[in-house]
Amino acid sequence: MFGNIKKLPGQLGHRIQKLHKPVKNSEKRTNQRKELFNYTQCAQLGFPAKPSALAYDPFLKLLAIGTKDGSLLIFGAPGVEYRAQHVSANVQVRKVAFIPEQGRVLTLTADWTLHYWEINDRFLTHICSLVLLEAETSAADGETAVSAWALSSDATLLFVGSEAGSLYTVSVTS
């Protein structure tokens with residue numbers, strides 16, 4: 001009687017092995033798996049990764065953060081958050097500045113492009129771009145990076161200084 005019980009587990013194990021056949025992954029099955037379980041990022045929460053520039057507007061109480069991957073994020077009171085991406089992908093935001101009390105933001109990217117943004121009720125809208133210096137010209141003239149920038153006291157002009165000592169003036173009202 002006990003001899004038959006000892007054989008039972010071995011017999012079950014043999015039967016389970018016979019029933020379990022390895023499944024071959026065909027190309028169709030692999031494609032279906034990719035479609036069903038494809039990972040895409042649909043939301044981003046919290047403080048951004050790799051911040052590279054920062055600005056604050058004390059009147060509107062908004063904080064703007066530019067990142068190394070070209071994102072612009074603006075945070076305000078709880079629940080107030082704006083996100084935008086620069087047109088040229090993966091270009092670092094070097095400088096960010098608010099035009100005081102107007103809800104407008106200026107960003108300067110690593111490719112010497114000045115971007116003008118406006119905060120609307122629900123969106124952060126890109127108004128225009130201005131290439132300050134072409135990449136070929138900047139390399140030939142020794143212009144490597146923007147070392148400083150500042151808005152005039154009446155917020156109509158932006159002064160941009162380079163490491164080589166050049167000074168550029170940009171009108172931000174037109």
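Select Arg 104 and Glu 118 to begin: in this predicted model, the two side chains form a salt bridge in which the closest N and O atoms are 2.9 Å apart. The pair links distant parts of the chain, since Arg 104 lies in strand β6 (residues 104-109) while Glu 118 lies in strand β7 (residues 113-119), with their positions 14 residues apart in numbering. If you color by accessibility, Arg 104 counts as partly exposed because its relative accessibility is 25%, and Glu 118 falls in the partly exposed class as well, at 21%; the cut-off below which a residue is called buried is 20%.

How many salt bridges does a search of the whole structure find? The search finds two, and to see the other one you should select Arg 83 together with Glu 81, whose closest N and O atoms are 2.6 Å apart. Arg 83 is partly exposed, with a relative accessible area of 31%, and Glu 81 is likewise partly exposed, at 37% relative accessibility.

Keep Glu 81 selected and add Phe 75, for Phe 75 stands opposite Glu 81, the latter being in strand β4. Widening the selection to strand β3 (residues 71-75) and β4 shows how these two strands pair, namely in the antiparallel sense over five bridges.

From here, extend the view to the sheet to which these strands belong. Four strands form an open sheet in the order β1-β2-β3-β4, and the pairing is antiparallel. Which strands stand at the edges? They are β1 (51-57) and β4 (81-85), and because each has a single partner strand, one side of each is left without a neighbour in the sheet. Looking across the sheet, you can follow a twist that averages 15° from one strand to the next. As background to what the viewer draws here, strands of a sheet pair through backbone hydrogen bonds, and the pairing may be parallel or antiparallel.

For the last stop, leave the sheet and select Leu 157, Phe 159 and Leu 167, displayed with their surface. Together these three residues make a nonpolar surface patch of about 260 Å². Phe 159 is a convenient residue on which to center the view: Phe 159 is found in strand β10, which covers residues 157-162. Is Phe 159 buried, exposed or partly exposed? At 31% relative accessibility, Phe 159 counts as partly exposed, and this value is over the 30% that a residue must exceed in order to be included in a patch.

Note on methods:
Residues are numbered from 1 along each chain as its sequence is written. This is a predicted model: local features need pLDDT of at least 70, side-chain atom pairs count only at pLDDT 80 or more; totals for chains, interfaces and linings use all residues. Side-chain values use heavy atoms; hydrogens and water are left out. Patches are made of residues with over 30% relative accessible area and no salt bridge: like charges are joined within 9 Å, nonpolar side chains (Val, Leu, Ile, Met, Phe, Trp, Tyr) within 5 Å. Accessible areas come from the Shrake-Rupley method with a 1.4 Å probe; for residues, only the protein chains shown count as cover. A salt bridge is a side-chain nitrogen of Lys or Arg within 4 Å of a carboxyl oxygen of Asp or Glu. Buried means under 20% relative accessible area, exposed over 50%, partly exposed in between (1.4 Å probe, protein chains only). Two strands pair if DSSP finds at least two bridges between them. Axes are lines fitted to C-alpha atoms, for helices over the stretch in contact, and angles run from 0 to 180 degrees between N-to-C directions.
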